[in-house]
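Please look at the sequence and the model together before reading on. The paragraphs that follow go from the overall layout to the strands, and from there to the residues that fill the interior.

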Amino acid sequence: MSGSELVFPGEEVAIEEEYLGAEGTFSKDGVIYASQIGKVETDEEECIVRVISPNPPNVLAVGDIVYAVIADVRSTMATADVVGKQGTTRALGGETYATIHVSKISPEYTDDVSKELRKGDYIRARVTAVKPSLQLTTKDQHLGAIRCLCFKCKTELVRDKKGTGLFCPKCRFATPRKLADDYGDVIVE
Ligand SMILES: [Zn+2]
């Protein structure tokens, strides 16, 4: 079988007498089949056959740095929709609905999520768990809000003089936040 042919799940790719099936394959009655869509790759020295997906799902893993939008703020947590992963422009597969527990927002003690994050905030966060549910933290310096809009007039909020909170340049409304260290000066990596 040629090394560049696209195969579909259930298609025969080799026989077990000649090859050992690796990723992207399954075996039945001595025959190796594709378990996913992809290209067949054979290692003639090791006698291994694989089916390599041309576009593996971009699923989040613990430690990933992500960009997310705060969906809701509750008493003990915020919920967020993950919209991107640092280092890739590819669409995300799998779970993108995440929670951030109140204890994972700021290195300082906080008992009020709404003093740290607000609905609609764009944040940079790190994945701390993917099972049984997607969980994020914004505890580090470089994590937290990266872009926030005034809830009254939708103007982009700017850092206050102390640099620890935000205010609206239009309606002079001040509001606390857990800010990323580069708030207002973000380069998306
Ligand atoms: Zn405003």
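Two strands are said to pair if DSSP finds at least two bridges between them, and the strands themselves, like the helices, are DSSP runs numbered from the N terminus, with at least two residues in state E for a strand and at least four in state H or I for a helix. The model is a predicted one, in which local features need pLDDT of at least 70 and side-chain atom pairs count only at pLDDT 80 or more, while totals for chains, interfaces and linings use all residues. Residues are numbered from 1 along each chain as its sequence is written.

With these conventions, the protein has 16 strands and 0 helices. Its radius of gyration, taken over C-alpha atoms, is 23 Å, well over the 16 Å that the globule rule gives for 189 residues, so the protein is more spread out than a compact globule; the rule in question is 2.2 Å times the number of residues to the power 0.38. The C-alpha trace spans about 75 × 30 × 25 Å along its principal axes. The domain assignment, whose bounds come from an automatic or database source, gives domain 1 (6-52) and domain 2 (65-176), and the centres of domain 1 and domain 2, taken over C-alpha atoms, are separated by 44 Å.

An open sheet of 3 strands, paired in the antiparallel sense, has the order β2-β5-β4. Its edge strands, each of which pairs on one side only, are β2 (12-15) and β4 (25-28). On average, neighbouring strands of this sheet are turned by 30° against each other, direction ignored, where the axes are lines fitted to C-alpha atoms and angles between N-to-C directions run from 0 to 180 degrees. Within the sheet, β2 pairs with strand β5 (residues 31-34) over 3 antiparallel bridges, and Glu 12 stands opposite Tyr 33 in β5.

Leu 20 offers a local view of strand β3 (residues 20-21), in which it is found. Is this residue buried or exposed? With 15 other C-beta atoms within 10 Å, Leu 20 is partly exposed, a class that lies between buried (20 or more other C-beta atoms within 10 Å of the residue's own) and exposed (12 or fewer), with the C-beta atoms placed from the backbone. Two residues are in contact if their C-beta atoms, placed in that way, lie within 7 Å, and, leaving aside neighbours within four places in sequence, Leu 20 is in contact with Cys 47 and Ile 48. Leu 20 and Glu 46, 26 residues apart in sequence, are 8.4 Å apart in space, C-alpha to C-alpha.

A further set of pairings involves strand β8 (residues 65-73), which is joined to strand β9 (residues 77-85) by 7 antiparallel bridges; β8 and β9 form a hairpin with 3 residues between them. Strand β9 also pairs with strand β10 (residues 97-101), in the antiparallel sense and over 5 bridges, and here Met 77 stands opposite His 101. Strand β8, for its part, pairs with strand β11 (residues 122-129) over 5 antiparallel bridges. Tyr 67 stands opposite Gly 84 in β9 and opposite Arg 124 in β11.

From β11, 3 antiparallel bridges lead to strand β13 (residues 144-147), where Arg 147 is the bridge partner of Tyr 122. Another 3 bridges join β11 to strand β12 (residues 134-137), again antiparallel, with Arg 126 opposite Thr 137, and β11 and β12 form a hairpin with 4 residues between them.

What, then, fills the interior? Buried residues make up 27% of the 189 residues. A nonpolar core is a set of buried Ala, Val, Leu, Ile, Met, Phe, Trp, Tyr and Cys residues joined through C-beta atoms within 7 Å, and the largest has 27 residues, those with the most contacts inside it being Ala 68, Ala 80, Leu 117, Ile 123 and Ala 145. The elements that give two or more residues to this core are β8, β9, β10, β11, β12 and β13, and β8 gives the most, with 5 residues. Apart from this core lies another, of 8 residues, among them Val 13, Ala 14, Ala 34 and Val 49.

Leu 117 touches, not counting residues up to four places away in sequence, Ile 70, Val 73, Ala 78, Ile 105, Ile 123, Ala 145 and Lys 178. Over the whole protein, residues 24 or more positions apart account for 50% of the contacts with a separation of 6 or more.
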